[in-house]
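The following exercises train the reading of a protein model, step by step. Each task is followed by a worked solution.

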Amino acid sequence: MFSDESRFSLQPDSRRTLIWRVPGTRYHQENTIERHRYGGAGWLLWGGIILGSRTDLHVQCVTMTGHIYRDVILEQRVRLFRGAMGAEFLFVDDNARPHRANIVDECLQSEDITRMDWLAYSSDLNPIEYVWDILV
């Protein structure tokens, strides 16, 4: 199962900046924008895909923490897929900080869920990342 979450901002500024610049001009003044990051309304969506199936989309308006990830995602969603798939189940998440909390590792071990080792910052290898691009 490939899983991921993405935050969608309700403000006009999604905090993403696309910059096209001439190579070698990275730190030139005209390529630098001062920005104040204020918190704002937004939604966090989590989903999982597996060959021939998918999870329900989980929507929340709070930040993902290790406790929320364990209680809501792993115990209420991933565990059900693990039970249906049996011993062949392999779980893939990114290396986000809440996913690496000790309580998450303990939960995965207690539920006998095997997590695939995943390279940090390699979201382009996770097929579910492309689903978010379609939704936006």
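**Exercise 1.** In which loop does Thr 55 lie? Describe the surroundings of this residue.

*Solution.* The model is predicted.

Step 1. Thr 55 is located in the loop that runs between β3 and β4.

Step 2. Consider the burial of the residue. The relative accessibility of Thr 55 is 6%, and buried means under 20%, so Thr 55 counts as buried.

Step 3. Look for a polar partner. The side chain of Thr 55 reaches the backbone nitrogen of Gly 48 at 2.8 Å.

Step 4. List the contacts, leaving aside neighbours within four places in sequence. Thr 55 is then in contact with Met 1, Trp 46, Gly 47, Gly 48 and Phe 81.

**Exercise 2.** Determine how strand β2 is paired, and state how many of its residues are buried.

*Solution.*

Step 1. Strand β2 covers residues 42-50, and 7 of its 9 residues are buried, so the strand is largely enclosed by the rest of the structure.

Step 2. Examine the pairing with β4. Strand β4 (residues 58-60) pairs with β2 in the antiparallel sense over 3 bridges. In β4, His 58 is the bridge partner of Trp 46.

Step 3. Examine the pairing with β3. Strand β3 (residues 53-54) is joined to β2 by 2 bridges, and the two run antiparallel. Here Arg 54 in β3 stands opposite Ile 49.

Step 4. Inspect the connection. β2 and β3 form a hairpin with 2 residues between them. Gly 52, in the turn, has a positive phi of about 80°.

**Exercise 3.** Which residues touch the most other members of the largest nonpolar core?

*Solution.*

Step 1. This core holds 17 residues, of which Met 1, Tyr 69, Ile 73, Leu 74, Val 78, Phe 89 and Phe 91 touch the most other members.

Step 2. Assign the core to elements. Two or more residues come from each of β2, α1 and α2. The largest share, 6 residues, is given by α1.

Step 3. Take Met 1 as an example. Beyond its neighbours within four places in sequence, the contacts of Met 1 include Ile 49, Thr 55, Val 78, Phe 89 and Phe 91.

**Exercise 4.** How many salt bridges does the structure hold? Analyse three of them.

*Solution.*

Step 1. Recall the principle: side chains of opposite charge can pair when their charged atoms come close. The structure holds 5 salt bridges.

Step 2. Begin with Asp 112 and Arg 82, whose closest N and O atoms are 3.0 Å apart. Asp 112 lies in the loop between α2 (102-110) and β6 (114-115) and Arg 82 in helix α1 (residues 66-85), so this pair ties together parts 30 residues apart in sequence. Asp 112 is exposed, with a relative accessible area of 52%, whereas Arg 82 is buried at 17%.

Step 3. Continue with Arg 100 and Asp 93, which meet in a salt bridge at 3.5 Å, N to O. Arg 100 is partly exposed, with a relative accessible area of 29%, while Asp 93 is buried at 0%.

Step 4. Turn to Arg 115 and Asp 105, whose side chains meet at 2.3 Å, N to O. This pair links distant parts of the chain, with Arg 115 in strand β6 and Asp 105 in helix α2, 10 residues apart. Arg 115 counts as buried at 19% relative accessibility, and Asp 105 is partly exposed at 27%.

Step 5. Combine the results. Salt bridges that share partners join Asp 93, Arg 100, Asp 105 and Arg 115 into one network.

Terms used
Residues are numbered from 1 along each chain as its sequence is written. This is a predicted model: local features need pLDDT of at least 70, side-chain atom pairs count only at pLDDT 80 or more; totals for chains, interfaces and linings use all residues. Side-chain values use heavy atoms; hydrogens and water are left out. A salt bridge is a side-chain nitrogen of Lys or Arg within 4 Å of a carboxyl oxygen of Asp or Glu. Helices (H or I, at least four residues) and strands (E, at least two) are DSSP runs, numbered from the N terminus. Buried means under 20% relative accessible area, exposed over 50%, partly exposed in between (1.4 Å probe, protein chains only). Two strands pair if DSSP finds at least two bridges between them. A nonpolar core is a set of buried Ala, Val, Leu, Ile, Met, Phe, Trp, Tyr and Cys residues joined through side-chain atoms within 4.5 Å. Contact means heavy atoms within 4.5 Å. A polar contact is a pair of N or O atoms within 3.5 Å; within protein, one must be able to donate a hydrogen and the other to accept it, and residues adjacent in sequence count only if both atoms are side-chain atoms.
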